[in-house]
Amino acid sequence: MKYNPLVKLRSFLHGFLVVKCVRWYYTRVWGMHVGEDTRISLSAKLDRTNPDGIFIGKSTAITFGAAVLSHDFVNNVHLTTRVGDYCFIGAHAVIMPGVTVGDHSIVAAGAIVMRNVPPHSVVMGNPARVMEQNIRTGRWGVRIREPKEMEEGAAPALKVAS
C-alpha cells in the first residue's frame, strides 16, 4: 500500500510534535509525573485539581475520553493515582482517585476502576473486574500474544481470574 506524502507528513508531525507537546504540557505546566514515550489523547481528562497526585509510567497509552482522577470532592481528599509502565487505558474508562494500575495491564473501554489493578492483567466492566491475568504487553499497552495463539483458527486462551 502506498501512502500519500501528506499522510506521511501528518503522521510524522503527530508523533514528533503533538505527542511531545502533550507530555510537556502535563509535566511542565501542571506538574504531573508522565513517563517517556507515553501517549495521551487530546480528549483524555487528567485531574488538574491535584496534578501532583498523577503518576503515569513510560510507554503507556491513554485513549480518548478516559479520565484519571486524583481527588475526591465529596470526601475532600487528595490521593495519589498511579498508572504503570506499558499500560493501555481504553476509551471512556475512569480511573478513580487512589487507584494503582499495575505495569503491563489493560483497562478496557468504559471500565470504572475503583480498586487496584494487579500487574499483567485485563480489567473491564463497572466496577472493573479482572478478566485475564498473566498477559504480556509491549509499547503503549499493545498485547503480545504467544505464537500458538496466533495460528489461524486457534482461539486465544482466556485465563479468567477467580
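User: How many salt bridges does the structure hold?

Analyst: This predicted model holds three salt bridges.

User: What makes R23 and E36 a salt bridge?

Analyst: The closest N and O atoms of R23 and E36 are 3.3 Å apart. A salt bridge needs a side-chain nitrogen of Lys or Arg within 4 Å of a carboxyl oxygen of Asp or Glu, so the pair qualifies. The two residues sit in distant parts of the chain, 13 residues apart: R23 in helix α1 (residues 5-29), E36 in the loop between β1 (33-34) and β2 (39-40).

User: Why is E36 called exposed?

Analyst: The relative accessibility of E36 is 53%, and exposed means over 50%, so E36 is exposed.

User: Why is R23 called partly exposed?

Analyst: R23 has a relative accessible area of 23%. Buried means under 20% and exposed over 50%, so R23 falls in between and is partly exposed.

User: How do you know that R139 and D37 form a salt bridge?

Analyst: Their closest N and O atoms are 2.7 Å apart, and the limit is 4 Å. The pair links distant parts of the chain, 102 residues apart. R139 is in the loop between β17 (136-137) and β18 (143-144), while D37 is in the loop between β1 and β2.

User: Are R139 and D37 buried, partly exposed or exposed, and which values decide?

Analyst: R139 has a relative accessible area of 46%, and D37 has 29%. Partly exposed lies between the limits of 20% and 50%, so that term applies to R139 and D37.

User: What makes R143 and E132 a salt bridge, and which strands hold them?

Analyst: The N to O distance between the side chains of R143 and E132 is 2.6 Å, which is set against a limit of 4 Å. R143 lies in strand β18 and E132 in strand β16 (residues 129-133), so the salt bridge ties together parts 11 residues apart in sequence.

User: Why is E132 called buried and R143 partly exposed?

Analyst: E132 has 12% relative accessibility, and buried means under 20%, so E132 is buried. R143 has 24%, which lies between the limits of 20% and 50%, so R143 is partly exposed.

User: How do you know that β15 pairs with β13 and with β16?

Analyst: Strands pair if there are at least two bridges between them. Two bridges join strand β13 (residues 106-107) to strand β15 (residues 121-124), and these strands run parallel. Four bridges join β15 to β16, which run antiparallel. Both pairings therefore meet the definition.

User: Which residues stand opposite each other in these pairings?

Analyst: V123 in β15 stands opposite V107, and the bridge partner of V123 in β16 is V130. S121 stands opposite Q133 in β16. The hairpin of β15 and β16 has four residues between the strands, and there G125 takes a positive phi near 105 degrees.

User: What makes β2 and β16 edge strands?

Analyst: Each of them pairs on one side only. They belong to an open sheet of six strands in the order β2-β5-β10-β13-β15-β16, with mixed pairing.

User: Why is V123 called buried, and what does V123 touch?

Analyst: V123 has 2% relative accessibility, and buried means under 20%, so V123 is buried. Leaving out residues up to four places away in sequence, V123 touches I106, V107, A108, A111, V113, V117, A128, R129 and V130. The C-alpha atoms of V123 and R143 are separated by 13 Å, with the residues 20 apart along the chain.

User: Which residues have the most contacts inside the largest nonpolar core?

Analyst: I40, I62 and V107 have the most contacts inside that core, which has 24 residues. Helix α1 and β4 (54-56) each supply at least two residues of the core. Apart from neighbours within four places in sequence, I40 is in contact with V22, Y26, V34, L46, I56 and I62.

User: Which residues make the nonpolar surface patch of about 590 Å², and why does L17 pass the exposure limit for a patch?

Analyst: L6, L9, F12, L13, F16 and L17 make this patch. L17 is found in helix α1. L17 has a relative accessible area of 41%, and a patch residue needs over 30%, so L17 passes that limit.

Methods. Residues numbered from 1 in each chain as written. Predicted model: local features only at pLDDT ≥ 70, side-chain atom pairs only at ≥ 80, totals over all residues. Heavy atoms only, no water. Buried < 20%, exposed > 50% of the residue type's maximum accessible area, 1.4 Å probe, protein only. Patch = residues over 30% accessible without salt bridge, like charges linked within 9 Å, V, L, I, M, F, W, Y side chains within 5 Å. Areas by Shrake-Rupley, 256 points an atom, 1.4 Å probe, with all protein chains shown as cover. Core = buried A, V, L, I, M, F, W, Y, C linked by side-chain atoms within 4.5 Å. Contact = heavy atoms within 4.5 Å.
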